[in-house]
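This report describes how one protein chain is put together, moving from its sheet to its helices and its cores. Please keep the sequence and the model in view while reading.

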Amino acid sequence: MYEELIRLAKEARRRAYAPYSGFSVGAALLTADGKIYTGCNVEAPSFLACCAERNALYRAVFDGHRKFEALAVAGGKTGDDITDICPPCGICRQALNEFCDPDFKIIMVNSDGYVIKTLGELLPLSFKE
């Protein structure tokens with residue numbers, strides 16, 4: 001299943017709108033019932049942006065999903081190949097934390113394949129009510 005998530009994250013990256021940072025990100029989120037939601041980063045001139053990870057998450061939540069299994073993230077300089085991992089930013093980590101357990105898998109694509117970390121590893125001592 002990771003290969004499909006990675007493929008879809010790479011595909012979503014091509015849809016990114018990143019004229020200000022020049023950094024395109026795509027994400028693919030797997031729900032507990034097997035549905036996949038994709039997202040890309042979208043920027044605005046004020047440098048307000050919505051990350052790919054949150055775009056995918058918010059689309060899934062809008063459709064009624066509340067439990068998730070894994071997320072693939074692919075990012076890099078627009079127009080270039082992916083060379084290094086692109087971990088979710090702090091805001092995205094906290095948004096994922098609202099719906100995901102600490103063992104939620106985050107698959108970060110790099111030039112050699114991918115690296116997997118858990119949400120708990122990327123967001124230790126997280127805030128959760």
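## The sheet

Strand 1 and strand 2 are antiparallel and are joined by five bridges, where helices (H or I, at least four residues) and strands (E, at least two) are DSSP runs numbered from the N terminus, and where two strands pair if DSSP finds at least two bridges between them. This is a predicted model, in which local features need pLDDT of at least 70 and side-chain atom pairs count only at pLDDT 80 or more, while totals for chains, interfaces and linings use all residues. Residues are numbered from 1 along each chain as its sequence is written, and side-chain values use heavy atoms, with hydrogens and water left out.

Strand 1 and strand 2 form a hairpin with four residues between them, and G34 in the turn has a positive phi of about 95 degrees. The two strands belong to an open sheet of five strands, with the order 2-1-5-6-7 and mixed pairing. At its edges are strand 2 (36–40) and strand 7 (113–118), each of which pairs on one side only. Neighbouring strands of this sheet are turned by 20 degrees against each other on average, direction ignored; here axes are lines fitted to C-alpha atoms, for helices over the stretch in contact, and angles run from 0 to 180 degrees between N-to-C directions. The table lists the pairings with one bridge from each.

| Strand pair | Bridges and direction | One bridge pair |
|---|---|---|
| Strand 1 and strand 2 | Five, antiparallel | A28 and T38 |
| Strand 1 and strand 5 | Nine, antiparallel | A28 and A72 |
| Strand 5 and strand 6 | Four, parallel | V73 and M108 |
| Strand 6 and strand 7 | Six, antiparallel | N110 and G113 |

A28 thus appears with T38 in strand 2 and with A72 in strand 5. Eight of the 10 residues of strand 5 are buried, so this strand is largely enclosed by the rest of the structure; buried means under 20% relative accessible area, exposed over 50%, and partly exposed in between, with a 1.4 Å probe and protein chains only.

## Helix 2 and helix 3

Helix 2 (residues 52–62) lies across strand 1 (23–31), strand 2 and strand 5 (68–77), and runs at about 140 degrees to strand 2. Its buried residues are A52, E53, R54, A56, L57, A60 and V61, and their cover includes strand 1, strand 2, strand 4 (49–50), strand 5 and helix 3. Just after helix 2, G64 takes a positive phi of about 100 degrees.

How are helix 2 and helix 3 packed? Their axes are 9 Å apart and meet at an angle of about 25 degrees. That makes helix 2 roughly parallel to helix 3, since angles under 35 degrees count as roughly parallel, over 145 as roughly antiparallel, 65 to 115 as roughly perpendicular and the rest as oblique. The contact (heavy atoms within 4.5 Å) is made by E53, R54, L57, Y58 and V61 of helix 2 together with I91, C92, A95, L96 and F99 of helix 3. In helix 3, C92, R93, A95, L96 and N97 are buried, and what covers them includes helix 2, strand 5, strand 6 and helix 4.

## The cores

A nonpolar core is a set of buried Ala, Val, Leu, Ile, Met, Phe, Trp, Tyr and Cys residues joined through side-chain atoms within 4.5 Å. The largest one has 22 residues, and those with the most contacts inside it are L29, F68, L96 and F104. At least two residues of this core come from each of strand 1, helix 2, strand 5, helix 3 (90–99), strand 6 and helix 4 (119–122), and the largest share, five residues, comes from helix 2. Apart from this core lies another, of 12 residues, among them L5, I6, I82 and V109.

Leaving aside neighbours within four places in sequence, F68 is in contact with L29, L30, T31, A32, L57, A60, V61, F99, C100 and F104.

## After helix 4

L123 is found in the segment after helix 4 and counts as buried, at 17% relative accessibility. Not counting residues up to four places away in sequence, L123 touches R93, Q94 and N97. L123 and L57 are 66 residues apart in sequence and 17 Å apart in space, C-alpha to C-alpha.
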